[in-house]
Amino acid sequence: MLRYAWQFMKYDKAKSVGIIIGIVISIFLIGQQTGIFIFLTNAMKALVTNSRADLWVVDSKTINANALGKLDIRKLREIESVEGVAHVYPVVVAGGSARFDDGTTAGVQLIGSDAPSFRIGLDPKKIIGGNLERMLEDGAVSADYFDRASLGQAGLGTNFEINGKNAFIAVQTSGVRGFGGIFMFTTIEKARYFGNIPNTDISAVLVDVLPGADPSAVRDRINRTIFGVRAWTSKDFAGSTVGFLLTNSGIGFSIGSLIVFALIAGFFIIGLTMYSAALDRIRDYGTLKGIGATNGYIIRLILLQAFLFSLAGFAVGYLFIDLFRQGVGKAGTVFTYSPLMIAGFFFVTLFISLGGAAFAIRRIVSLEPASVFRG
Amino acid sequence: MYRTDAWDEVDGIGAFRPFLSTCYNNPCEPLRTAMPVIAEVIQASKEFISGDTVIVALKPSSMELSMGKVTLIIGPSGSGKTTLLSLIGCVIYPTSGEVIIDGIRTSGLSARKMAGIRLNKIGFIFQQFNLLAPLTAEQNVMLPLTLQGIPDAEAKGRVRKVLEQVNMSHRAKSLPKMMSGGEQQRIAIARALVTDAPVMLCDEPTASLDTQSAHIVMEELKNQAACGKAVAIVTHDMRLKPYADEIVYVENGQISKTEINEPI
């Protein structure tokens, strides 16, 4: 049957190419939108995912890591005293305006944490220039390589001003970018200095739990015992941030609807082209029925063609998706597809191909074997 | 008596007819000693409903196809001869009456079992040849064997043999569009022969052919009847009469007369 399916596909080259192009367009659009979606959601939760802590403790009203409220510094000691807490690390987040020599200005988000541990943002694995020791110098901040276009092409060592105060880029990271604002990581003292944040205020507390302690239990204990704060596991806080931004920005609906339309478009392009190909071959299918092929055989023959189309379409479509991913990655829109997601793309391809074949199957199944005598 | 236990033959692989296989495998020693009836139409009628109108395509009619005979079904357009052929060919169900193929009553059979009868009991030859355009001659001939589930190696051997029988071995790898009408019809005959079905039904097999090709095709069909097959041919073409053992005339939706012919 494989041989017959292949012969049918090969014989009608124009339609076969049309079906494969339909699959490629559909799967490329789905892959592209999914990639952008992954990038955006990663950016939304970047502050949390670029920190190294078991728990985040923030103001009790805060559900979005990109809009942290204010905490009293005394909460730090209260949290430290809770059973199961090993270490606490204060974090200060402040807004600022950066001005460069060439006149470029940019809004930045200063994120300060204690040196030398730098529990947020300055993961050695993501540092591509400079070193952490220099972060102790006056005015030292980090900047991301992919934000350089927004920062007047500023690179390592570039001097500039934040809120009118001297600063320079001591460390350059790669792929640590925020959603909306440009991240600049620094020490907690410099974040206060640049952002005019009083010593009594912090934005969040990162918590390491004792070895063997259950982070969820410690979180619950903090929430039960300390008034005015809310503790989250890092995963939950990242999830809450993404959920809040997706619901309130319309990004989820927008990208979701694009994916749905790509699915529908693919489904109909493939379905109608397969239907048209089946109509072109209706005499052959009628002959098959006439000489004794069952509907089951013919359905399998059409589904096998759809499967072969989906294999070819997926191979080409995924190649384009990966080229797109590499292309936008060079511009800083960095994301990766998990193996599960790639498998998902393949199953979507199968779904639209086999689903599209339903149009042709419906037509052929209704064909009477007697049609073979009608010339 | 009609057999009720014949399903193994319908659904099974290949047709069970040892008395024919010698002829198929060793063409062609004529079998003229016995002419058993292989297909019967008993007071079968066919009506089609179109909206509120009932169209009578065939009034209650009876006929038989015997092995070893060429039966010509002749009549003007719209007389009901193709309906008669469709009933014998198990592509439609009779509205009333019975159609019996190789001892199997077709009334009330499922579409799947009807397909089984078509595959295993009947070889079809069509006016427009009806070869599958994307497949080569060899693949077209092999198709019924594939549908029967015959392993490739065995099927290829049988295809080779039957292509030799119709002198078309040299066209095995050609697509239908690369062949003349006569060549295509010979490939269609090979496809009808390859399963060694006892009945061959031909719908205007010479209508699209020139005189020379028509003669070759009719000789081949006559040869198959001589090998013991029951061959039924629907035609307008009176020139085919000399090839027939029996002629059935169909007019106004019914069989008007049947005559025994002295064949050439």
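## Buried core, sheet and contacts of a two-chain model

With 25 C-beta neighbours inside 10 Å, B:M218 counts as buried, the threshold for that label being 20 or more other C-beta atoms within this radius. The model discussed here is a predicted one, and the values below are computed from its atoms.

### Surroundings of B:M218

B:M218 belongs to helix α8 of chain B, which covers residues 211-226. When the neighbours within four places in sequence are set aside, B:M218 is in contact with B:T206, B:L240 and B:Y243. By way of reference to another part of the chain, B:I49 lies 169 residues from B:M218 along the sequence, and 36 Å separate the C-alpha atoms of these two residues.

### The sheet of chain B

An open sheet of 6 strands is found in chain B, with the order β6-β7-β8-β3-β9-β10 and a mixed pairing. At its edges stand β6 (122-125) and β10 (254-260) of chain B, and because each has a single partner strand, one side of each is left without a neighbour in the sheet. Ignoring direction, neighbouring strands of this sheet are turned against each other by 20° on average. Helix α3(B) packs on the sheet, where it touches β3, β7 (199-203), β8 and β9 (246-251) of chain B, and the direction of α3(B) makes about 155° with that of β8(B).

Strand β3(B) pairs with both β8(B) and β9(B) in the parallel sense. Strand β3(B) comprises residues 70-74, and its pairing with β8(B), residues 230-235, runs over 5 bridges, while the pairing of β3(B) with β9(B) runs over 4 bridges. Strand β3(B) is also mostly covered, with 5 of its 5 residues buried. B:V70, B:L72 and B:I74 point one way from the strand, whereas B:T71 and B:I73 point the other way, and all of them are buried.

Chain B also holds an antiparallel pair, made by strand β1(B), residues 37-50, and strand β2(B), residues 53-66, which are joined by 10 bridges. The hairpin of β1(B) and β2(B) has 2 residues between the strands, and in it B:G51 takes a positive phi near 65°.

The table lists one pair of facing residues for each of these three strand pairings.

| Strand pairing | Facing residues |
|---|---|
| β3(B) and β8(B) | B:I73 and B:V234 |
| β3(B) and β9(B) | B:T71 and B:E246 |
| β1(B) and β2(B) | B:V41 and B:M63 |

### The contact between the chains

Chain B gives 23 residues to the contact and chain A gives 18 residues. On the side of chain B that touches chain A, the elements giving two or more residues are α3 (81-88), α4 (111-121) and α5 (137-148) of chain B. The largest share of this side comes from α4(B), with 5 residues. By residue class, the side of chain B that touches chain A divides into 13 nonpolar, 7 polar and 3 charged residues.

Helix α4(B) is largely enclosed by the rest of the structure, because 8 of its 11 residues are buried. These buried residues are B:M114, B:A115, B:G116, B:I117, B:R118, B:L119, B:N120 and B:K121.

### Chain A and its domains

The secondary structure of chain A comes to 11 helices and 12 strands. Its radius of gyration is 29 Å, well over the 21 Å that the globule rule gives for 375 residues, so chain A is more spread out than a compact globule. Along the principal axes, the C-alpha atoms of chain A fill a box of roughly 95 × 50 × 30 Å. Of the 375 residues of this chain, 42% count as buried. Among the contacts in chain A with a separation of 6 or more, 83% are accounted for by residues 24 or more positions apart.

The domain assignment of chain A gives domain 1, made of 2-43 + 250-373, and domain 2, made of 61-227. Taken over C-alpha atoms, the centres of domain 1 and domain 2 of chain A are separated by 47 Å. The contact between these domains of chain A involves 4 residues of domain 1 and 5 residues of domain 2. On the side of domain 1 of chain A that touches domain 2 of chain A, the residues divide into 3 nonpolar, 1 polar and no charged.

How values were computed:
Residues are numbered from 1 along each chain as its sequence is written. Chains are lettered from A and ligands numbered from 1 in the order in which they are written. This is a predicted model: local features need pLDDT of at least 70, side-chain atom pairs count only at pLDDT 80 or more; totals for chains, interfaces and linings use all residues. Domain bounds come from an automatic or database domain assignment. Two residues are in contact if their C-beta atoms, placed from the backbone, lie within 7 Å. Ala, Val, Leu, Ile, Met, Phe, Trp, Tyr, Cys and Pro count as nonpolar, Asp, Glu, Lys and Arg as charged, and the others, Gly among them, as polar. Two strands pair if DSSP finds at least two bridges between them. The radius of gyration is taken over C-alpha atoms; the globule rule is 2.2 Å times the number of residues to the power 0.38. A residue is buried if 20 or more other C-beta atoms lie within 10 Å of its own, exposed if 12 or fewer, and partly exposed in between; C-beta atoms are placed from the backbone. Axes are lines fitted to C-alpha atoms, for helices over the stretch in contact, and angles run from 0 to 180 degrees between N-to-C directions.
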